[in-house]
Amino acid sequence: RLAAFEHACQHPQEAQRRALARILQAHAPAAYLRERAVSPDASPDQLRAALPVVDYDDLRPYIEPLAQHGWPCPQPLAIAQRPDLLLKTSGTTGAAKLLPVTPAYVHETDLGRRVWVERMLAEDDLHGDGIHLAVISPMREATTPGGLPIGANTGRIFMRQPALVRAFAPVPYPVFAVADSALRYRLILRFAASRHDVGTFTTANPSTVLLLCNLLLGLGEAIADDVAAGRIAPEEHLEPLRAQGFGPFLDPQDAWRLLRRWSRPDPRRAEAIRRAVAAGPEGLLHRLWPRLTTVNCWLGGHAPFYLPRITPFLLRDGRPRVPLRDPGFSASEGLFAIPLQSETPEGVLHLAGTFMEFVPEDQPDDDRTLLAHELTPGQRYRLITTTGGGLWRYAMRDVVEVTGRHHNAPMVKFVYKSGNILNITGEKITEAHAVAAAADLAANHPVEHVVAGLELLETPRYAALVEPRPGAALDAAALAARWDAALQRANVEYAEKRRSQRLGPPQVRLLPPGALLGWRARRVAAGAPDGQIKLPVLTRDLPALERDLTAPQEPTP
């Protein structure tokens with residue numbers, strides 16, 4: 001498999017032609033293709049001529065009948081293979097989408113993830129030591145009227161691992177099905193902290209790493225008490241769980257039996273937890289898990305805002321900090337690029353997986369697209385993908401920058417979502433600009449989170465909502481001045497509009513402590529997959545998000 005991956009990197013045009021042929025052969029009988037006279041042996045040029053670039057709403061009539069009717073489905077579909085699962089994804093905002101998991105989809109994503117693991121082990125074989133902590137969402141969360149399961153991609157990936165690997169996971173699977181997010185995080189920490197031999201820690205979103213580390217600092221003593229006593233959690237916290245259970249797809253007796261079996265008294269480990277937490281944030285993860293060799297989370301896009309905040313937890317006495325490794329440029333729609341080393345968001349395009357087309361950043365989707373071998377280093381492009389999951393010339397709205405090549409294959413990094421751009425006077429503020437300003441703010445002030453948006457006053461202005469770190473006192477005027485200066489450095493058009501007074505001075509409004517945690521809990525309660533929830537650094541509807549973030553908070557166990 002690795003030899004095939006390297007061959008694809010040496011021959012990108014051939015690799016993409018074969019990837020397209022594999023996808024077309026898998027789904028040739030699909031009504032979506034037959035209605036548009038797409039041949040099973042269509043070339044990339046013939047595919048581009050036959051099919052338009054689409055978004056999910058265009059494909060919805062060819063996917064969502066599966067939810068109502070199941071398989072086989074009497075309605076015309078975009079796939080010809082039976083799906084085992086429908087992935088529920090909503091991204092940062094927007095209505096939920098259901099994406100079919102077909103054998104062709106599993107093949108292309110599994111291949112990429114195996115290469116990712118191999119490259120990680122090739123860099124340092126100690127990454128294979130210890131047990132592997134992954135924060136996931138359940139693979140099965142609901143069932144459609146047609147009988148197909150709906151779930152999260154992280155849970156699907158977890159369940160694709162060999163049973164022996166899953167058996168040594170530090171957190172029992174039923175924990176991830178706990179509906180109450182505050183209790184779920186507490187239980188994740190309780191079981192993960194009880195193990196001394198965690199070797200890798202994986203969660204896509206770096207904000208989850210920060211969240212769990214901060215919660216551990218606050219709950220460390222209570223968790224140590226639970227570990228010493230061999231209890232799951234204090235009874236008052238478990239009472240809601242006894243009432244709600246673990247959802248409709250886990251037997252409650254089996255779930256409780258598993259949690260109790262993993263909750264044996266361990267006073268010695270409890271004392272180690274107390275020592276690790278008492279010494280403060282610097283080096284916390286290494287003190288807690290001395291065998292920890294890597295933390296795997298996104299390093300691109302909005303991640304640079306969080307990475308400096310994570311760094312203190314990763315320090316090790318007398319040695320470089322625990323390295324960070326990007327899990328790859330991926331989404332529920334597919335896996336598109338695979339990092340070859342740690343400490344970088346760059347990855348090589350997964351040319352043997354999905355079929356990919358690219359549109360220059362400043363051109364419309366209906367212009368002629370470029371293929372992987374036609375990309376230019378230093379340029380930015382929007383991704384259009386065709387996958388084994390029935391997405392045909394699907395506009396991802398992800399902007400990537402080509403950073404170089406591995407053999408002949410482009411190396412790319414994710415930059416921002418192209419649909420999330422604010423512009424009222426020609427300034428064109430992107431997520432990348434907002435991340436740069438927010439990161440500068442957090443580097444110079446005790447800031448927990450920042451989100452910005454436009455306010456359409458007589459003279460338009462930007463406003464930033466800022467959550468302070470616990471116990472910190474912030475000066476909103478000083479924050480506004482700093483944020484303004486940083487955004488002017490990041491975007492010359494914004495600087496010009498500020499100088500010409502077409503944009504007014506920005507305003508900073510302070511959020512109550514814990515605003516993000518409460519917002520996140522409400523999103524999960526509303527059905528959003530936990531791993532996909534990201535507080536945007538840029539929003540088109542600042543008033544609505546501000547109302548959500550300042551809603552009354554529920555008490556945290």
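**Entry 1: strands 11, 14 and 15**

I began with strand 11 (residues 347-349) and found that two bridges join it to strand 15 (residues 409-417), the two running antiparallel. Within this pairing I noted that glycine 347 stands opposite valine 412 of strand 15. I was working on a predicted model, and I read every entry below with that in mind.

I then followed strand 15 to strand 14 (residues 394-406), with which it pairs in the antiparallel sense over eight bridges. I looked up histidine 406 and found alanine 409 of strand 15 listed as its bridge partner. Strands 14 and 15 form a hairpin with two residues between them, and in the turn I found histidine 407 with a positive phi of about 55 degrees.

**Entry 2: the parallel sheet**

Next I traced an open sheet of four strands, whose order is 3-6-7-8 and whose pairing is parallel. I marked strand 3 (131-134) and strand 8 (324-325) as the edges; each has a single partner strand, so one side of each is left without a neighbour in the sheet. Inside this sheet I looked at strand 6 (residues 198-202) and strand 7 (residues 294-296), which run parallel and are joined by three bridges. For threonine 202 I recorded asparagine 296 as the bridge partner in strand 7.

**Entry 3: the mixed sheet**

I found an open sheet of four strands in the order 2-1-5-4, where the pairing is mixed. Its edge strands are strand 2 (97-101) and strand 4 (142-143), each of which pairs on one side only. I checked the pairing of strand 4 with strand 5 (residues 149-151) and found them antiparallel, joined by two bridges. Here I saw alanine 142 standing opposite isoleucine 150 of strand 5.

**Entry 4: helix 8 and its cover**

Which residues of helix 8 are buried? In this helix (residues 153-160) I listed Asn153, Gly155, Arg156 and Phe158 as the buried ones. I then asked what covers them, and the elements I found include strand 1 (85-89), strand 2, helix 7 (103-123), strand 5, helix 9 (163-167) and strand 9 (329-331).

**Entry 5: helix 17 against helix 18**

I turned to helix 17 (residues 431-444) and helix 18 (residues 476-490), whose axes come within 8 Å and cross at roughly 140 degrees. I therefore noted helix 17 as oblique to helix 18, and their crossing as right-handed. On the side of helix 17, the contact is made by His433, Ala434, Ala436, Ala437, Ala438, Asp440, Leu441 and Asn444, while helix 18 contributes Leu479, Arg482, Trp483, Ala486, Leu487, Arg489 and Ala490. Sorting this contact by class, I had ten nonpolar, two polar and three charged residues.

**Entry 6: helix 18 against helix 19**

I closed with the packing of helix 18 on helix 19 (residues 492-499), where the axes are 5 Å apart and the angle is about 125 degrees. This angle makes helix 18 oblique to helix 19. I listed Trp483, Asp484, Leu487, Gln488 and Ala490 as the contact residues of helix 18, and Val492, Tyr494, Ala495 and Arg498 as those of helix 19. By class, I counted six nonpolar, one polar and two charged residues in this contact. Looking back at the previous entry, I noted that Trp483, Leu487 and Ala490 of helix 18 are among the residues in contact with helix 17, and that these residues are also among those in contact with helix 19.

Definitions and conventions
Residues numbered from 1 in each chain as written. Predicted model: local features only at pLDDT ≥ 70, side-chain atom pairs only at ≥ 80, totals over all residues. Heavy atoms only, no water. Axes fitted to C-alpha atoms, helices over the stretch in contact; angles between N-to-C directions. Parallel < 35°, antiparallel > 145°, perpendicular 65-115°, else oblique. Left-handed = near helix turned anticlockwise from the far one by under 90°. Contact = heavy atoms within 4.5 Å. Nonpolar A, V, L, I, M, F, W, Y, C, P; charged D, E, K, R; others polar. Pairing = 2+ DSSP bridges. Buried < 20%, exposed > 50% of the residue type's maximum accessible area, 1.4 Å probe, protein only.
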